Protein chains: 2
Amino acid sequence: MARLVECIPNFSVSRERDPAVFQRLVDTANSVPGCTVLDVQSDGDHNRCVFTFVGSPEAAGEAAFRLTKVATEAIDMTRHQGQHPRMGATDVIPFVPTMDVTLKECVALSKQVAQRIWEELKVPSFLYEDSASSPERINLAKVRSGQFEGMPEKLKQPQWAPDYGERAIHPTAGITAIGARMPLIAYNINLDTTDLEVANQIARAIRAANGGFKYCKAIGVMLSDRGTAQVSMNMVNYEGTPLYYVFEMVRALADRYGARIVGSELVGLAPAKALLDCAEYYLKLENFDCRKQVMEYHLIGME
Amino acid sequence: MARLVECIPNFSVSRERDPAVFQRLVDTANSVPGCTVLDVQSDGDHNRCVFTFVGSPEAAGEAAFRLTKVATEAIDMTRHQGQHPRMGATDVIPFVPTMDVTLKECVALSKQVAQRIWEELKVPSFLYEDSASSPERINLAKVRSGQFEGMPEKLKQPQWAPDYGERAIHPTAGITAIGARMPLIAYNINLDTTDLEVANQIARAIRAANGGFKYCKAIGVMLSDRGTAQVSMNMVNYEGTPLYYVFEMVRALADRYGARIVGSELVGLAPAKALLDCAEYYLKLENFDCRKQVMEYHLIGME
């Protein structure tokens, strides 16, 4: 039985601008037993890199710590330049439940790692997303606003004491956002209308911000290639708001405008369960236990 | 990139009647590097056991051979008794494509293993299912009819020469059926009618035997607990005949009788793709590459 957590830490360094430090991070990520690196992205303009690895909660936490240690030693934020907002050498560490691990367990893991990073590396951190200690810390953009340069002042505000550490950044590594979240699914639904306003109206109706589905963010966009409108969504918790909720709601709302769904698309990766839940819904499956009945789950983590 | 084949060999021995030989098979199955045993079933009344293991084509072929060698040495079919039809110590060896392996490659693997079993163990074999050398050898029941005791006579018939070996069984190990096939999915659709004849009519309409879907076997059955009728199916190739084909066809046919689908059920295991294909259909997914976009595929075979 494989218990797996995905971790996607972001560091303020790039292969393009500092290949030696980047390589140290790569080597470190590959050095942790029980951890598998699935992807490494680097962007020179952003001067930032993103690791994606999977492992047991213990292995993922260990890898996140070791990478943060290297980043703390090797990256000097007082000299960092790049287009992407950032506040720390290790900018953000999200933990995502992947198999036989709950979101709650990932919250606990994020706190353990944040505490260790403070105790051993003296890098303070904010807990964000599902680990957040207050509502205004849920959103990463709000936590990070002010960026590295503005953090010393921000930390003096009563409501912005770090969750771990004192009211001061690490002089060269800044401060880190650490938290647990569900996997994010980028999901778009294509309409047969040339009227962007129809997609905008539907987006407003289904998104949490306007009273729609709790875990759905949505906007209307025009597809210039096709000349048709699209409802573009970020599904931030597919267990709370399944994909078929938005598909069926968009279908119903489009009908009001005389429009139809011509297709939908997943951008990037999605967990199997987000789609298996749709098959279960549309096939009206009874007593379906996907963890037991779907072959591939038995192949993950096999020796 | 993990290339995986599932193998489900059946042996004419049981834990209940001959624990020592059974244990030798278990130990042998677990001895092959790159092969993972997912399940072992034993039935004393049938005096038969079934292994399910997964590995690379090479590892799965090696494990199948090693198990056959043990069965050939340890099982004497002239003394075998059990309720299940059987013709060999190693009765049947199916290879099933599981990940990044085609059915065609499994056919080639089945022939390699059959040849090796003949050359090194002098056990003859029939190729069956998708490996069959003629239409009458596709069906295992037809290949096995006559069983161990009737095989010497059967092999003398012009059309029943073994695919590997001479026209004589191995004196104690008999003869084996070896072949490749797609995974079988047991899938049932429950109706809201108390009329079994409605389910029978629908079953006849959708099954290959009567001109329906090529890879669908179906019968109508009465669910005594519920008092309602069910269309009970074996889907023998979910790529050729997807689950949503039969779901939508049963829905349309039931409507003719004023009946409705109240639910469906998967019995036992199914490959993820059989259900992902349904999600793709109902969500009208465009440009969906499940092998790349479904997270869990990247976790299979990771170190």
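This report describes the relation of chains A and B, the contact of their H8 helices, and helix H7 of chain B in a predicted model.

**Relation of the two chains**

A turn of 180 degrees with a shift of 0.1 Å along the axis lays chain A on chain B, with an RMSD of 0.1 Å. The two copies are therefore related as by a two-fold rotation axis. Both copies use the same surface, in that 100% of the contact residues of chain A recur in chain B.

**Contact of the H8 helices**

Helix H8 of chain A (residues 272–282) and helix H8 of chain B (residues 272–282) have axes that come within 8 Å and cross at roughly 70 degrees. Because angles of 65 to 115 degrees count as roughly perpendicular, H8(A) is roughly perpendicular to H8(B). The residues that make this contact are set out below.

| Helix | Contact residues |
|---|---|
| H8(A) | Ala272(A), Leu275(A), Leu276(A), Cys278(A), Ala279(A), Tyr282(A) |
| H8(B) | Ala272(B), Leu275(B), Leu276(B), Cys278(B), Ala279(B), Tyr282(B) |

By residue class, the contact of H8(A) with H8(B) comprises 12 nonpolar residues, no polar and no charged.

**Helix H7 of chain B**

Helix H7 of chain B (residues 243–256) has 14 residues. From its first C-alpha to its last, H7(B) reaches 21 Å, close to the 20 Å expected at 1.5 Å a residue. Its buried residues are Leu243(B), Tyr244(B), Val246(B), Phe247(B), Val250(B), Leu253(B) and Ala254(B). Gly258(B) follows H7(B) and has a positive phi, near 70 degrees.

How values were computed:
Residues are numbered from 1 along each chain as its sequence is written. Chains are lettered from A and ligands numbered from 1 in the order in which they are written. This is a predicted model: local features need pLDDT of at least 70, side-chain atom pairs count only at pLDDT 80 or more; totals for chains, interfaces and linings use all residues. Side-chain values use heavy atoms; hydrogens and water are left out. Axes are lines fitted to C-alpha atoms, for helices over the stretch in contact, and angles run from 0 to 180 degrees between N-to-C directions. Helices (H or I, at least four residues) and strands (E, at least two) are DSSP runs, numbered from the N terminus. Angles under 35 degrees count as roughly parallel, over 145 as roughly antiparallel, 65 to 115 as roughly perpendicular and the rest as oblique. Contact means heavy atoms within 4.5 Å. Ala, Val, Leu, Ile, Met, Phe, Trp, Tyr, Cys and Pro count as nonpolar, Asp, Glu, Lys and Arg as charged, and the others, Gly among them, as polar. The expected span of a helix is 1.5 Å times one less than its number of residues. Buried means under 20% relative accessible area, exposed over 50%, partly exposed in between (1.4 Å probe, protein chains only). Copies are superposed by least squares on the C-alpha atoms of residues with pLDDT of at least 70 in both.
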